[in-house]
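Let's take a walk through this structure together. Have the sequence and the 3D view open side by side, and we'll go from charged pairs on to the interior.

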Amino acid sequence: MEAVPTKTTIREVARAAGVGIGTISRVLNSSSQVSRKTRARVLDAIHRLGFRPNAQARRILKRRAEMVCFLLSNRDFLHPFHARILQGVESYATGMKQHVLFAALHYSPKTSPERIDLPPVLQEHGLIDGVILAGTIYPNLLQRIGSIHMPFVAFSNNVVGMDDQQQFDQVGFDDSEGTLHSTRYLIGKGHRQIVFAADISHPWLRRRYEGYRQAMRENKLKPVLVTAPSGLAFGDFGQRSVGRILAQKPRPTAVVAGNDEIAFGLWRALSRRGVKVPNQISLVGFDDREEAVLMDPPLSTVRVHKEEIGETCMKMLLERLHHPQMAFSRRVLPTEFLIRGTVRQLPRSSK
């Protein structure tokens, strides 16, 4: 029987190079604390002996697992918006030779922090280095993660019930600025009777409403909020809102929807009633979901750069792992208003 060749160990490399195992670790990790002469001697020994450190050995040397957890809380697997954030996390992680583990968690905001049953991967010491929190995030989860001393970065737009104090690393985008721009665009197209459709009990939709309201007030126009029964799915909310919108006196010429799902529901219900978009009513959304380009005509909307959010979360988490004592960071990414086909220019007589 042919003998199975044995693998060269890190101790054999250290012996051949005349250095300690710690020096081998520093060379493998490209540390600047090794002289050029010693580095050359170690690299020569690695080459001569054919040494290839396995993943587990590399992690032991770095004292890190090279793995992070993307934790999606209180969302369906996988919510399209957060799936795109996860894509960005994985894209950046791959380039940095890190691994991403997905986990889901459902919990109540009323549950005491110590009773939140975290996924097992977060409870086992040493399996992962840190967490990226997405989904709807309540203070009790932040406290629970903090209690196990796990570095984390949170998607800030969906953090509910926290004040503005800088207590953790976070990445988000500017909700208010997005609807400020889209509403200004409608006003620039001659629209004056513009309503906002959303359930603003959601903090991210409330911030979008504030952007809409700012644009209306700076043009001395009256902001109008149209709501529907709470607890509805966003698409159903849009469909249920149409009757209230069309009953407004005077009838609105444009609607700012809190998100694309609401806009899609509005568009469907308007179509059933024979009200054409944008000929009879203009419509803008928020998020730039896949549904936006499937509408006829395609929806003008605010694009959120979701993959960039994920990349920034991953980058910030790695910064935290390398510099545990650094001050907490908050990064707010800009949005982009996309002009498509659901807004029309009003004639002067309609202004």
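**Charged pairs, a helix and the cores**

Start with Glu 307 and Arg 84, whose side chains meet in a salt bridge, 2.5 Å from N to O. This pair ties together distant parts of the chain: Glu 307 sits in helix H13 (residues 306-322) and Arg 84 in helix H5 (residues 80-95), 223 residues apart. Keep in mind that you're looking at a predicted model. Is this pair buried or exposed? Neither, quite: Glu 307 has a relative accessible area of 26%, so it counts as partly exposed, and Arg 84, at 24%, is partly exposed too.

How many salt bridges turn up in the whole structure? A search finds 14. Another of them joins the side chains of Arg 207 and Asp 175, at 3.2 Å from N to O. Here again distant parts of the chain are linked, with Arg 207 in helix H9 and Asp 175 in helix H8 (residues 175-188), 32 residues apart. The two partners differ in how much surface they show: Arg 207 is partly exposed at 31% relative accessibility, whereas Asp 175 is buried because its value is just 1%, under the 20% cut-off. Don't stop at the pair, though, since Asp 175, Arg 207, Arg 208 and Asp 287 are linked in a network of salt bridges.

Stay on H9 for a local example. Arg 213 and Glu 210 meet through their side chains in a salt bridge of 2.8 Å, N to O. Both lie in helix H9, 3 residues apart, or about one turn of the helix. Why does that spacing suit a pair? An α-helix has 3.6 residues a turn, so residues three or four places apart point the same way. Glu 210 itself is partly exposed, with a relative accessible area of 33%.

Now move along to helix H10 (residues 234-246). With 13 residues at 1.5 Å each, H10 should span 18 Å, and its end C-alpha atoms are 19 Å apart, so the two figures agree. Even so, H10 bends by about 30° at Arg 240. Its buried residues are Phe 234, Gly 235, Phe 237, Gly 238, Ser 241, Val 242, Ile 245 and Leu 246. What covers them? The cover includes three strands, S6 (194-197), S7 (224-226) and S8 (254-257), along with helices H9 (203-218) and H11 (260-272).

Next, the interior. In soluble globular proteins, nonpolar side chains tend to be buried together. The largest nonpolar core here has 69 residues, and Leu 266, Leu 283 and Ile 309 touch the most other members. H13 gives the most to this core, with 7 residues. Zoom in on Ile 309: beyond its neighbours within four places in sequence, Ile 309 is in contact with Ile 85, Phe 155, Val 171, Phe 173, Val 304 and Leu 333. Apart from this core lies another, of 21 residues, including Cys 69, Leu 122, Met 150 and Val 159.

Finish at Val 153, in strand S4 (residues 152-155). Val 153 counts as buried because its relative accessibility is 0%. Setting aside residues up to four places away in sequence, Val 153 touches Val 131, Ile 132, Leu 133, Asp 169, Gln 170, Val 171, Cys 313, Met 316 and Leu 317. Its C-alpha atom is also 9.8 Å from that of Leu 318, which is 165 residues away along the chain.

Key. Residues numbered from 1 in each chain as written. Predicted model: local features only at pLDDT ≥ 70, side-chain atom pairs only at ≥ 80, totals over all residues. Heavy atoms only, no water. Helix = DSSP H or I, 4+ residues; strand = E, 2+ residues; numbered from the N terminus. Buried < 20%, exposed > 50% of the residue type's maximum accessible area, 1.4 Å probe, protein only. Contact = heavy atoms within 4.5 Å. Expected span 1.5 Å × (residues − 1). Bend = angle between axes of the 7 residues up to and from the residue. Salt bridge = Lys/Arg side-chain N within 4 Å of Asp/Glu carboxyl O. Core = buried A, V, L, I, M, F, W, Y, C linked by side-chain atoms within 4.5 Å.
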